[in-house]
Amino acid sequence: MSNLKIWQILEGPISIEDVPLEENCPENSTHFCICKAEIDGKIEEMNIWFESFDDAYSWFKYFKSHIEPLELSNNLDLDS
């Protein structure tokens with residue numbers, strides 16, 4: 001289990017139909033955001049996948065008015 005903090009949306013929401021993806025997107029995903037993330041203390045960019053534009057946009061709106069990170073820690077498999 002890894003702890004993940006999302007600090008910032010760097011780009012997005014982006015429709016998966018708008019860009020050629022070099023990686024496989026999760027099933028049912030329609031949009032993603034490129035995020036500044038902290039995984040166990042290390043900062044890196046990563047794609048966060050969403051099942052709808054509205055879900056992705058809600059994260060975008062959060063970071064427009066908050067400086068605190070979104071913290072996720074529910075059994076994430078970050079190695080896959």
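The exercises below, each with a worked solution, concern a predicted model of a protein.

Residues are numbered from 1 along each chain as its sequence is written. Because this is a predicted model, local features need pLDDT of at least 70 and side-chain atom pairs count only at pLDDT 80 or more, while totals for chains, interfaces and linings use all residues, and side-chain values use heavy atoms, with hydrogens and water left out.

**Exercise 1. Describe the order of helices and strands, and state how much of the protein is buried.**

Step 1: Helices (H or I, at least four residues) and strands (E, at least two) are taken as DSSP runs and numbered from the N terminus. The protein has one helix and four strands, and along the sequence they follow the pattern β-β-β-α-β.

Step 2: A residue is called buried under 20% relative accessible area, exposed over 50%, and partly exposed in between, with a 1.4 Å probe and protein chains only. Of the 80 residues in the protein, 31% are buried.

**Exercise 2. Find the largest nonpolar core and say which elements supply it.**

Step 1: A nonpolar core is a set of buried Ala, Val, Leu, Ile, Met, Phe, Trp, Tyr and Cys residues joined through side-chain atoms within 4.5 Å. The largest one has 15 residues, and I6, I48 and W59 have the most contacts inside it.

Step 2: At least two residues of this core come from each of β1 (2–15), β2 (31–39), β3 (42–50) and α1 (53–65).

Step 3: A contact means heavy atoms within 4.5 Å. Leaving out residues up to four places away in sequence, I48 touches I6, H31, F32, C33, C35 and W59.

Step 4: As background, nonpolar side chains tend to be buried together in soluble globular proteins.

**Exercise 3. Work out how β2 and β3 are arranged, and what is unusual in the turn between them.**

Step 1: Two strands pair if DSSP finds at least two bridges between them. β2 and β3 run antiparallel and are joined by nine bridges, and C35 has M46 in β3 as its bridge partner.

Step 2: The two strands form a hairpin with two residues between them, and D40 in the turn has a positive phi of about 50 degrees. Most residues other than glycine have a negative phi, and most peptide bonds are trans. D40 counts as exposed, at 53% relative accessibility.

Step 3: Eight of the nine residues of β2 are buried, so this strand is largely enclosed by the rest of the structure.

**Exercise 4. Locate a cis peptide bond and a positive phi outside the β2–β3 turn.**

Step 1: The peptide bond from G12 to P13 is cis, with omega near 5 degrees, and P13 is found in strand β1.

Step 2: N28, which is not a glycine, has a positive phi near 75 degrees. N28 lies in the loop between β1 and β2 and is exposed, with a relative accessible area of 54%.

**Exercise 5. Compare the geometry of two aromatic pairs.**

Step 1: Rings of Phe, Tyr and Trp (its six-membered ring) pair if their centres lie within 6.5 Å; planes under 30 degrees apart count as stacked, over 60 as edge-to-face and the rest as tilted. The structure holds five such pairs.

Step 2: F50 and W59 form an edge-to-face pair, at 5.1 Å centre to centre and with 80 degrees between the planes. F50 is buried at 7% relative accessibility, and W59 is buried at 16%.

Step 3: Y57 and F60 form a stacked pair, at 5.5 Å centre to centre and with 25 degrees between the planes. Being three residues apart in helix α1, Y57 and F60 are separated by about one helical turn.
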